Amino acid sequence: MNTYIVLLRGINVSGKNIIKMAELKQFLTDEGFGNVVTYIQSGNLVVESPLKRDEAGQKIKQLIMTHFGWDISVFVLTLKQMQQALQNNPFPDTAEPNRVFVTFLDKVPDAGIAAALAQTDFGPDVFEIINDILYFHLPGGMAQSKMTNNFFEKKLKVTATGRNLNTVRKMIELAKK
Amino acid sequence: MCNDSPRRKLIVELNIGFAEGNAAKVMPFLSNTIIWEMADGKILNGFEEVSGFLQRITQHTAGKLIIKNMVTHGKMAACNGILKFKDREVRFADFYEFTSAGSATIKRITSYIS
């Protein structure tokens with residue numbers, strides 16, 4: 001049996017893609033996923049499944065489509081991958097964890113596009129891409145920042161979903177139980 | 001703006017969600033980059049952090065919500081009232097900024113609570 005951390009992109013926000021996590025948990029359990037745990041409303045789950053990682057992601061995506069009618073991007077990670085993502089965080093430990101974001105990309109972005117974006121002046125906000133994970137730090141918070149999930153998706157031509165460091169740590173904790 | 005305008009209904013629904021401690025009801029009204037500033041200077045940054053905060057307070061469900069005043073204008077709105085819990089009352093005044101005048105998505109909340 002495999003334990004996976006599942007991140008859903010863009011649910012329950014701005015009145016779009018509404019998914020009640022309690023209902024999703026029940027649907028996943030009914031479809032054979034074990035020990036399903038959900039965390040807050042932004043689409044974070046831990047599940048157990050005998051399926052391979054890609055298969056589990058496809059099945060969850062299909063279940064969401066069937067039961068809720070939304071075509072949602074689903075990111076599935078192993079505990080080891082999530083721990084590695086946390087370990088690779090390039091920002092200092094002194095950075096507030098609610099202002100550091102770990103954004104999972106569906107592919108490694110084009111190096112030329114990423115390099116061009118890196119030349120942009122974002123003021124105090126900084127980002128760094130390590131393979132298919134983008135890290136960004138907003139010392140002044142989100143209010144004045146250009147850096148959002150949608151911004152990076154558009155610029156890098158990827159599909160992405162991000163979580164702050166607190167959520168990343170929480171998901172690792174839940175997956176270890 | 002009339003009393004049953006969509007914006008006023010939205011604010012009532014939002015506050016019922018707060019009173020019920022029902023994060024699932026509240027979150028769809030918020031933008032991904034929501035900023036929630038508390039009177040003590042604490043700032044919640046973004047959908048996730050607000051969602052986490054609401055999850056932590058879900059064990060506190062108010063038995064009664066009284067909305068005393070509400071004003072809406074352009075992309076701004078405000079309301080004040082009282083949340084009556086079993087053992088205490090919380091008086092609140094909230095200011096809401098929407099993403100635009102016609103939007104149903106809130107991008108900033110400033111809360112004063114006593």
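This report looks at salt bridges in chain B of a predicted model.

The predictor gives the complex an ipTM of 0.79 and a pTM of 0.90, while chain B has a mean pLDDT of 91, with 97% of its residues at 70 or more. Side chains of opposite charge can pair when their charged atoms come close. Over all chains of the structure, a search finds 10 salt bridges, and the table lists some that lie within chain B.

| Salt bridge | Closest N to O distance |
|---|---|
| B:Lys84 and B:Glu89 | 3.6 Å |
| B:Asp87 and B:Arg88 | 3.9 Å |
| B:Lys107 and B:Glu97 | 3.5 Å |

How exposed are the partners in these pairs? In the pair of B:Lys84 and B:Glu89, the lysine is partly exposed at 28% relative accessibility, and B:Glu89 is likewise partly exposed, with a relative accessible area of 39%. In the pair of B:Asp87 and B:Arg88, B:Asp87 counts as exposed, since its relative accessibility of 67% is over the 50% cut-off, whereas B:Arg88, with a relative accessible area of 39%, is partly exposed.

The side chains of B:Lys107 and B:Glu97 also meet in a salt bridge. B:Lys107 belongs to strand S6 (residues 106-113) of chain B and B:Glu97 to strand S5 (residues 89-98) of chain B, so this pair ties together parts that are 10 residues apart in sequence. B:Lys107 is partly exposed at 31% relative accessibility, but B:Glu97 counts as buried because its 17% is under the 20% cut-off. These two residues also belong, together with B:Lys75, to a network of salt bridges.

Key. Residues numbered from 1 in each chain as written. Chains lettered and ligands numbered in written order. Predicted model: local features only at pLDDT ≥ 70, side-chain atom pairs only at ≥ 80, totals over all residues. Heavy atoms only, no water. pLDDT = per-residue confidence, 0-100. Salt bridge = Lys/Arg side-chain N within 4 Å of Asp/Glu carboxyl O. Buried < 20%, exposed > 50% of the residue type's maximum accessible area, 1.4 Å probe, protein only. Helix = DSSP H or I, 4+ residues; strand = E, 2+ residues; numbered from the N terminus.
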